[in-house]
Amino acid sequence: MGSNKRKISIIGSTGSIGTQALEVIEKLKDKFEIIALAGGHNKELLQKQADKFKPKYTCLGEEGLEKICSDKENDIILVACSGKIGLRPTLTAIKNGIDIALANKETLVMAGDIVMAEAKKHGVKIIPVDSEHCAIHQCIKNIDQVEKLIITASGGPFLHKSLDDMKNATVEQALAHPRWNMGKKITVDSATLMNKGLEIIEAHHLFGFDYDKIDVVVHPQSIVHSAIEYKDGSVIAQLGLPSMHIPIQYAITYPERYEGIKSKSFSFSEIARLDFEKPDLEKFPTVKLAYEMGKLGGTATVCMNAANEEAVFAFLDGKIKLYNIYEITKKMCDEHTVIKQPTIDEIFATDKEIREKTKNYIQNL
Ligand SMILES: NC(=O)c1ccc[n+]([C@@H]2O[C@H](COP(=O)([O-])OP(=O)(O)OC[C@H]3O[C@@H](n4cnc5c(N)ncnc54)[C@H](OP(=O)(O)O)[C@@H]3O)[C@@H](O)[C@H]2O)c1
């Protein structure tokens with residue numbers, strides 16, 4: 001990074017990833033200059049952040065995001081908003097040659113082919129913030145020699161609960177994640193394991209691996225953040241305490257590494273044991289659905305993402321049960337006619353159509 005400060009903007013600065021990113025930046029004050037901060041609805045917090053970090057400008061809601069992502073003064077933009085909002089600004093930033101630290105996995109789930117092709121065309125780096133993909137990014141040296149990717153999953157709050165417990169779970173129980181403190185949407189996705197489904201698709205696009213070469217293993221301690229297996233059988237994993245500060249810092253400072261916010265040194269003896277098990281696809285059929293939709297490609301993953309997101313919102317509003325999220329998403333996927341190589345307009349049109357269809361379906365239940 002040399003002596004110059006890296007110029008950064010954060011989309012979703014008021015969220016879980018955004019606030020943790022600002023904690024990292026506070027520790028590394030001399031390394032960063034903040035160009036813009038953007039939040040969704042939390043005006044008060046955005047104002048507090050502006051007073052403290054003195055960005056050149058802020059914006060609230062979707063309108064200002066295009067302006068931020070067209071501002072070539074940025075060296076890097078952290079896309080940390082939730083859901084479909086991330087896609088358009090990410091594409092704008094890429095077209096303007098600005099590197100991306102990507103937390104918003106929905107961007108790749110919706111339009112991974114287009115986003116990765118545009119990034120290649122404009123010579124833009126996409127550095128993953130998701131801890132699993134950040135782990136793989138750190139492990140990979142010679143990508144041609146990698147046999148497969150191994151993504152770990154904590155298993156969420158229902159890992160060792162019965163299917164019935166899961167079916168009757170309250171919103172409070174679904175939001176009680178044992179390892180990670182995250183935004184509500186991703187926390188519910190972690191309870192159904194749809195989060196892992198989205199991550200499989202994200203990994204396929206980021207690293208260019210076929211779905212048959214991406215495995216998922218449940219690892220409740222969340223110490224091994226993911227691994228890769230080389231063709232010769234060697235397995236390289238990335239380990240660390242479960243803190244999002246580390247992958248956020250890695251992504252926004254890449255390729256440099258700094259002490260930053262590291263709270264304590266890693267100790268194998270304190271951790272004592274690491275467990276691994278196969279995911280139970282009967283209890284968590286979202287993972288199977290994600291593989292199927294990922295293999296179909298095109299708008300199949302757009303449909304799955306839109307239906308899931310609307311069903312998660314309905315669950316959080318108390319309109320449906322936790323397990324209905326999967327059932328509704330599956331129904332929408334079964335009824336969807338896939339467009340194989342969609343344009344960006346077709347992606348947004350599919351997203352809109354499926355959201356409306358899902359909302360109507362839930363209303364009439
Ligand atoms: N949290 C984690 O540990 C974690 C880990 C890996 C990946 N991710 C991914 O990172 C993304 C963010 O997750 P999160 O947990 O940080 O979510 P979150 O806490 O819900 O934060 C979402 C952010 O997006 C903003 N936002 C919402 N609507 C907006 C709009 N219309 N225009 C502009 N901004 C808007 C929110 O602003 P307001 O709050 O002001 O409304 C907030 O700043 C997700 O895609 C998630 O899958 C998160």
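From which domains does the shell around the ligand draw at least three residues each? I began my notebook with that, keeping in mind that this is a predicted model. I found domain 1 (6–129 + 244–263) and domain 2 (131–242 + 279–287), and the shell draws at least three residues from each.

**Entry: the ligand shell**

I looked up the surroundings of the ligand next. There are 29 residues around the ligand, and Gly15, Gly40, Asn42, Met182 and Gly183 come nearest. Sorting the shell by class, I got 14 polar, 10 nonpolar and five charged residues. I then asked which elements supply at least two residues of this shell. My list reads helix 1 (16–27), strand 2 (32–39) and helix 9 (184–192). Helix 1 gives the most, with three residues.

**Entry: the six-stranded sheet**

I traced an open sheet of six strands and wrote down its order as 3-2-1-4-5-6, with parallel pairing. Strand 2, which I had already met at the ligand, sits between strand 3 and strand 1 in that order. The edges are strand 3 (57–60) and strand 6 (126–128), each of which pairs on one side only. On average, neighbouring strands here are turned by 20 degrees against each other, direction ignored. For a closer look I picked strand 4 (residues 76–79) and strand 5 (residues 99–102), which run parallel and are joined by four bridges. Val79 has Leu102 of strand 5 as its bridge partner.

**Entry: the four-stranded sheet**

The other sheet I looked up is open too, with four strands in the order 8-7-9-10 and mixed pairing. Strand 8 (214–218) and strand 10 stand at its edges with a single partner strand each, so one side of each has no neighbour in the sheet. The twist from one strand to the next averages 20 degrees.

I followed the bridges across this sheet. Strand 7 (residues 146–153) and strand 9 (residues 224–230) run antiparallel, with four bridges joining them. Strand 9 and strand 10 (residues 235–239) run antiparallel as well, and five bridges join that pair. What is the bridge partner of Leu149 in strand 9? I read off Ile228, and Ile228 in turn has Ile236 of strand 10 as a bridge partner. Strands 9 and 10 form a hairpin with four residues between them. In its turn, Gly233 has a positive phi of about 95 degrees.

**Entry: a helix pair**

How do helix 10 (residues 194–207) and helix 13 (residues 286–296) cross? Their axes come within 7 Å and cross at roughly 25 degrees. I used the cut-off that angles under 35 degrees count as roughly parallel, and therefore noted helix 10 and helix 13 as roughly parallel to each other. The crossing of helix 10 past helix 13 is right-handed.

**Entry: backbone oddities**

I kept a last page for the backbone, with a reminder to myself that most residues other than glycine have a negative phi, and most peptide bonds are trans. Leu193 is not a glycine, yet its phi is positive, at about 70 degrees. I placed Leu193 in the loop between helix 9 and helix 10. Helix 9 is thus on two of my pages, as it also supplies at least two residues of the ligand shell.

Which peptide bond did I note as cis? That one runs from Tyr254 to Pro255, with omega near 5 degrees. Pro255 lies in the loop between helix 11 (245–253) and helix 12 (268–271).

Conventions. Residues are numbered from 1 along each chain as its sequence is written. This is a predicted model: local features need pLDDT of at least 70, side-chain atom pairs count only at pLDDT 80 or more; totals for chains, interfaces and linings use all residues. A residue is near a molecule or strand if its C-beta atom, placed from the backbone, lies within 6 Å of it. Ala, Val, Leu, Ile, Met, Phe, Trp, Tyr, Cys and Pro count as nonpolar, Asp, Glu, Lys and Arg as charged, and the others, Gly among them, as polar. Domain bounds come from an automatic or database domain assignment. Two strands pair if DSSP finds at least two bridges between them. Axes are lines fitted to C-alpha atoms, for helices over the stretch in contact, and angles run from 0 to 180 degrees between N-to-C directions. Angles under 35 degrees count as roughly parallel, over 145 as roughly antiparallel, 65 to 115 as roughly perpendicular and the rest as oblique. A crossing is left-handed if the near helix is turned anticlockwise from the far one by less than a right angle, and right-handed if clockwise.
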